[in-house]
Amino acid sequence: MRHPRRTTGGATAALLLACALGTAACGSGSPSDSRPRTVAAFTTDQPLTADALGRAAEQLRQRAELLGLADPKVTTGGGVLTLSVAGPIGDRLAALTHRPALELRPVLAAAATGATPAAPVAGLVPAPLQDRFTALDCAADPAADPGDQVLACGDADSGPGRAKFALGPVALRGTDITGSSALLAPDGSGWQVQLDFTPAGTTAFADLTGRIAALDAPANQLAVLLDGTIVSHPAVRDAITGGSAVITGGFDADKAKQLAAQLATPALPPDLHPVTPAP
């Protein structure tokens with residue numbers, strides 16, 4: 001959906017790439033970074049109060065910093081947040097405003113897709129989902145569903161194929177974490193994102209993992225979803241009581257750091273978007 005154009009003060013473009021030409025509007029870098037500055041302006045469809053605008057400005061600055069943008073500064077004026085960084089923003093513009101919807105759900109049933117004849121189903125598919133589960137081929141991920149029992153797609157337990165899953169109610173959400181960080185796995189196998197839970201999240205995670213650890217596969221698996229797609233579904237062997245967990249999913253360093261930065265900062269206003277320049 002195209003957002004209506006908002007023009008306020010000098011914020012007339014989503015991304016002022018003219019910085020590369022050294023225009024005065026972009027200014028200069030900080031003393032520690034002499035690169036020309038790039039500016040991106042954001043606004044909301046519904047006006048924010050002064051307090052909400054101030055909070056959003058700090059959240060945007062913090063996320064820009066965690067995304068690796070140099071010397072981020074955010075100013076407010078006329079309902080517009082103007083971000084200035086040393087150097088380019090590149091492909092991180094969308095990540096500045098989007099916080100993926102994180103959900104942890106228990107796996108109820110799973111089956112590989114693409115096999116002829118159809119692969120056997122492991123676990124028990126709830127009756128209301130059976131017809132849809134049978135028809136699901138994971139050629140495209142099903143739309144994110146806030147329901148108690150849902151379908152989702154992810155990588156198969158073994159091999160390069162895809163699998164379909166029936167999942168139980170959400171056990172934890174992004175609101176149950178206090179922070180996240182990108183780490184290289186101790187065995188060097190790849191990058192992962194560590195989640196740190198709130199006290200309530202710690203209790204819920206310990207209860208969930210303790211309950212499913214005693215179940216047979218695949219009901220002992222915990223699905224980690226981002227925007228409705230399963231990125232991992234590890235088997236749980238014991239209750240996890242330490243207040244943290246890790247997400248794996250074939251991340252490279254950049255993707256892990258981007259996801260950690262998005263999850264580590266509170267959600268920005270949902271209708272925040274770049275200011276659209278005139279055609």
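In what order do the three strands of the open sheet with E9 in it line up? The close-ups below start there, and every one of them shows a predicted model.

**Close-up A. The three-stranded sheet runs E9-E10-E13.** This is an open sheet, and its strands pair in the antiparallel sense. Strand E9 (177-184) and strand E13 (244-251) sit at the edges with a single partner strand each, so one side of each has no neighbour in the sheet. Look along the sheet and you'll see some twist: neighbouring strands are turned by 25 degrees against each other on average, direction ignored.

**Close-up B. E9 meets E10, with helix H4 packed on the sheet.** Seven bridges hold the antiparallel pairing of E9 with strand E10 (residues 191-197). To find your place in the ladder, go to Ile-177, which stands opposite Phe-197 in E10. Helix H4 (residues 199-212) packs on this sheet and touches E10 and E13. The direction of H4 makes about 110 degrees with that of E10.

**Close-up C. A cis peptide bond turns up at Ala-217 and Pro-218.** Omega for the bond joining these two residues is about 5 degrees. Where should you look for Pro-218? Follow the loop between H4 and strand E11 (222-226), and Pro-218 is in it.

**Close-up D. The four-stranded sheet goes E2-E3-E1-E14.** Here is another open sheet with antiparallel pairing. E2 and strand E14 (273-274) take the edge positions, and each has a single partner strand, so one side of each is left free of a neighbour in the sheet. Helix H1 (residues 50-66) packs on the sheet, touching E1, E2 and E3. Its direction makes about 165 degrees with that of E2. Within the sheet, E1 and strand E3 (residues 80-86) run antiparallel and are joined by six bridges.

**Close-up E. Arg-37 and Asp-71 tie E1 to E2 through a salt bridge.** The two side chains meet at 2.9 Å, N to O. Which parts of the chain does this pair link? They are distant ones: Arg-37 belongs to strand E1 (residues 37-43) and Asp-71 to strand E2 (residues 70-77), 34 residues apart. Arg-37 also stands opposite Ala-86 in E3. Asp-71 has a backbone quirk of its own, a positive phi of about 50 degrees although it is not a glycine. Across the whole structure there are seven salt bridges.

**Close-up F. One cavity of 30 Å³ or more sits in the structure.** The largest cavity holds about 40 Å³ of space. What lines it? The residues are Glu-103, Arg-105, Ala-143, Ala-144, Asp-145, Val-150, Leu-151, Leu-225 and Gly-228. Strand E4 (102-112) and strand E6 (150-155) each supply at least two residues of that lining. By class, the lining of the largest cavity is a mix of five nonpolar, one polar and three charged residues.

Definitions and conventions:
Residues are numbered from 1 along each chain as its sequence is written. This is a predicted model: local features need pLDDT of at least 70, side-chain atom pairs count only at pLDDT 80 or more; totals for chains, interfaces and linings use all residues. Side-chain values use heavy atoms; hydrogens and water are left out. Two strands pair if DSSP finds at least two bridges between them. Axes are lines fitted to C-alpha atoms, for helices over the stretch in contact, and angles run from 0 to 180 degrees between N-to-C directions. Contact means heavy atoms within 4.5 Å. On a 1 Å grid over the protein atoms alone, a cavity is a set of points where a 1.4 Å probe fits but cannot get out, and a pocket is an open set with protein on both sides within 12 Å along at least five of seven lines; lining residues have an atom within 4 Å of a point. Grid points are joined across faces, edges and corners, and a volume is the space filled by probe spheres set on the points. Ala, Val, Leu, Ile, Met, Phe, Trp, Tyr, Cys and Pro count as nonpolar, Asp, Glu, Lys and Arg as charged, and the others, Gly among them, as polar. A salt bridge is a side-chain nitrogen of Lys or Arg within 4 Å of a carboxyl oxygen of Asp or Glu.
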